[in-house]
Amino acid sequence: ATSRMPPLPELFLHSRRAKHFDRHPWVLAHSVVQPTAELPAGQVVDLMHPSGNWLARGIYNPHSKIRLRLYQWDRALELGSAWIESQLQQASAMRRQWMNAHHDLDALRWVNSEGDGLSGLIVDQFGDYVIVHVTSLAMWTWLDTIRGWLVRELQPAGICVRVDQGTATREGLEASEQWLDGQAPQEPITIVEHGVRFQLDILSGQKTGYYLDQRANRGRSAKWITEGPLLDVCCYQGGFSLVACQLGAPTSVEAVDSSRPALELAERNAQANQRDIDFVQADCFDYLEHLVQQGKQYQTVVLDPPRMASSRQQVRAALRAYFRLNSAAVRLLQPGGTLVTCSCTGRVKKSDLVGILAAIAAQTGRQLQILESNGADFDHPIDVNCPESEYLKCLICRVI
Ligand code: SAH
């Protein structure tokens, strides 16, 4: 079949990029030579070395800074619906392998974009419903294939496809949200994680309504949460607190978030699980400093702030923000206490976070040990060629 493939348009890599070309799935606009005849958005093209050697096959988008997204590294294979389906199959095989070895999950990321070789496609399942986040024009062009596969593989009660405004602007798409195959759930969806029942508002929730990436970290940190007061900072719907009550032994729980809708959801979850949690609506920076001034002490502090930098220019301010939060958290911990500190800012590396903790140890005269260092859960695999896909850090520390 491969010999009958019609030749594809060729796009030439710029010679200055050619020296250190790797298998990163993004080829930026300045890395390729402008094609002589304009190619349509969504065109499958062959990426060529300046010498004329074939490099990879991808999908072209003249509207995006990511001019070409690469999906196929074998010249003999087509980049078509069969290939997209085989990548989807790989992604689902890995999740099924995990579930066979452990237990079924009713909330799961089936496809994690670059981490699963499908740059610009995220597929999450919550109960019987599937949410597809399209973040590239390339994946939008394969939507029928993706939808067909999801219907066959997962038989969901509904599939919602979303293109957010940021993606729309970057990729030259239109922002949209539509239900394919089925309809929106009439009632909130309930899922169970670590024995805790969570009610999800998948329609208006943040991100996809639930932070799947922190699933394992909620479980791991709960096991370090011994008797004493727990402070859960940036709690969203109460994930760390509720799992801590289930698997750990906090004697009291205070949970802080700035978002009213998040706290309403958290309150409902606490009630459904019959847990007594003190929710506070506040800005985390102000509130932690206020607690320090009051001389409050906790056995455990969990910090899970939102992403703090989306560009290189914002990194310095982000580092300062992490320093402020972590410094206050350390002061709030009694000797032998546990600090669970997370960062989902991709541009802030694990070594940066460790450096911040070292500076805080020196500043406060406390001894800080890292007991566990983890990233996102297994259903968020990382492509070794795409460091951007590794964003989450979760350090479980002991503060003496
Ligand atoms: N720990 C949660 C996820 C936290 S997401 C879980 O496991 O499910 C980050 C949260 O930080 C969001 O709920 C957001 O509303 C909150 N947030 C953002 N800025 C904040 C601020 N300045 N002060 C307090 N909370 C903030």
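Okay, so a salt bridge here is a side-chain nitrogen of Lys or Arg within 4 Å of a carboxyl oxygen of Asp or Glu. By that rule we get 14 salt bridges. Before I go on: this is a predicted model, where local features need pLDDT of at least 70, side-chain atom pairs count only at pLDDT 80 or more, and totals for chains, interfaces and linings use all residues. Side-chain values use heavy atoms, with hydrogens and water left out, and residues are numbered from 1 along each chain as its sequence is written.

Let's take one pair, Asp379 and Arg215, whose side chains meet in a salt bridge at 2.7 Å, N to O. Both are buried, meaning under 20% relative accessible area with a 1.4 Å probe, protein chains only.

Now Asp304. What is the nearest side chain of opposite charge to Asp304? That's Arg218, 6.0 Å away, and Asp304 has no salt bridge although it is buried; for charge, Lys and Arg count as positive, Asp and Glu as negative, and His and the chain ends are not counted. Asp304 does have a polar contact of 3.1 Å with Gln214, side chain to side chain. A polar contact is a pair of N or O atoms within 3.5 Å; within protein, one must be able to donate a hydrogen and the other to accept it, and residues adjacent in sequence count only if both atoms are side-chain atoms.

On to the ligand. Around it sit 15 residues, each with a heavy atom within 4 Å of it. Asp304 and Arg218 are among the closest. The side chain of Asp257 puts an N or O atom 2.6 Å from a ligand oxygen, while a ligand nitrogen is 2.8 Å from a polar backbone atom of Cys284.

How values were computed. Buried < 20%, exposed > 50% of the residue type's maximum accessible area, 1.4 Å probe, protein only.
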